[in-house]
Amino acid sequence: DFEMHGVNYFPIRNKRGTLLWLGVDALGLNIYKSNDKLTPSISFPWSEIKTVAYSDKKFVIKPLDRQAVDLMFYSTDPETNKTILELCIGNHELYLKRREPDSVEVQQMRAEAEEFQRRRDSDRARLILEIQSRRIAERERHKMTVQLQRAERKAVQTRQDLARMREAAHLLSEKVEAAEAETSYMLQQAQEAERALHGVLREKERTEHEKESFARQAQEAMDCALRHQAMMEALRHELEKAHLAERRAKEELEYRSSSAPSIQEAEVQSREKPRLSVHSDGPGYLSLTAPSSAEASVISHPFSHPQPRNAIPHGNVNDVIKTISQDLKIREVVEQKTAEDHIRDALEASGTKSKFDTLARISRGSARSRISFFEQL
């Protein structure tokens, strides 16, 4: 993990015998709990450490703060203390070297590099400016080309519209001439119609007298027709009365002619045949019963197919398989996590961004308070 990169861990114990981890890195010495190598409990930067020394399994760190007591812990063997001391010396020298002022050669080389970088940046900026200006010119040229093409198409369209307008004007002039000719013809027709109207009016005046005479004759003919119609109605009523009397006479004659033979036949049959009497116990009947509605439904539906239970639609099978696969992958990832992974997840959940935030937090306060905290672990 990133928090464990560049840190060398050594098992140590404080005066109370608590098992801890000592971490040596480029920034200083860190004290970790036995079950957590990611989050240091105490940190001592190299700027606060005066000297480090060891004697057998005992290791002593003297801070610059005179009021603070020495930090002491115990390792597993003297070789471990020797390794810790060598790492402390090397990291401390690198820490001081990183903070020493540069030599004249290095400063000159750095100035030359900065000048070269400045020239390079200026050349790059000039090149970028030229590229941008060229792109702008290309865009302007393309825009002008597009505008020129649009103007040419517009000019062609204008010429075509002008030609169509000329043709339309020519057609309109022809239509105007035709309308003028038609108008003159209609004027002539109107004059002729006016003359004909005058003639008709004169003819109307002449025929008014004939019309009155025809009306008198028509009225006389109507009166004559009404008189004839009344006479016809009277004759029709008399004719209907005659027909009705004739029909009644015929019906009476037919009735009298048909009743005489039937009476004679009835008398003959009564003399020849004896009288019979028929006795019946009761009328017979036949009842028909129709099939009930349930039987009809059974007959009309002879087959019934049972529906399968707990059937999964074909479209949902793929979704179920995908869900199971994702759950299995998540379980595999969780099972492969180590204790450090779980600690890292807990740190991310608590809001800790990096180990530098943790170091800044645990480095607060005086060295004396941190040493006393270390002794109480």
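What share of the 377 residues in the chain is buried? The answer is 16%. Keep in mind that this is a predicted model.

Let's start with the overall layout. The chain holds 7 helices and 7 strands, and if you walk along from the N terminus, you meet the elements as β-β-β-β-β-β-β-α-α-α-α-α-α-α. As for the outside, the chain exposes about 31400 Å², with carbon and sulfur atoms supplying 56% of that area. Contacts are worth a look too: take those between residues at least 6 apart in sequence, and 50% of them join residues at least 24 apart.

Now for the sheet. It's an open one with 7 strands, lined up as β4-β3-β2-β1-β7-β6-β5 with antiparallel pairing. At the edges sit β4 (42-45) and β5 (49-55), each pairing on one side only. From one strand to the next, the twist averages 30 degrees.

Zoom in on one pair: β1 (residues 8-13) and β2 (residues 19-24) run antiparallel and share 6 bridges. Within that pair, Asn-8 faces Val-24 in β2.

Two helices meet these strands, and here is how they sit:

| Helix | Strands involved | Angle |
|---|---|---|
| α1 (residues 78-99) | lies across β1, β2, β3 (28-33), β5, β6 (58-63) and β7 (71-75) | about 160 degrees to β5 |
| α7 (residues 367-376) | touches β2, β3, β4, β6 and β7 | about 140 degrees with β4 |

So which strands does helix α7 touch as it packs on the sheet? They are β2, β3, β4, β6 and β7.

How values were computed:
Residues numbered from 1 in each chain as written. Predicted model: local features only at pLDDT ≥ 70, side-chain atom pairs only at ≥ 80, totals over all residues. Heavy atoms only, no water. Helix = DSSP H or I, 4+ residues; strand = E, 2+ residues; numbered from the N terminus. Buried < 20%, exposed > 50% of the residue type's maximum accessible area, 1.4 Å probe, protein only. Contact = heavy atoms within 4.5 Å. Areas by Shrake-Rupley, 256 points an atom, 1.4 Å probe, with all protein chains shown as cover. Pairing = 2+ DSSP bridges. Axes fitted to C-alpha atoms, helices over the stretch in contact; angles between N-to-C directions.
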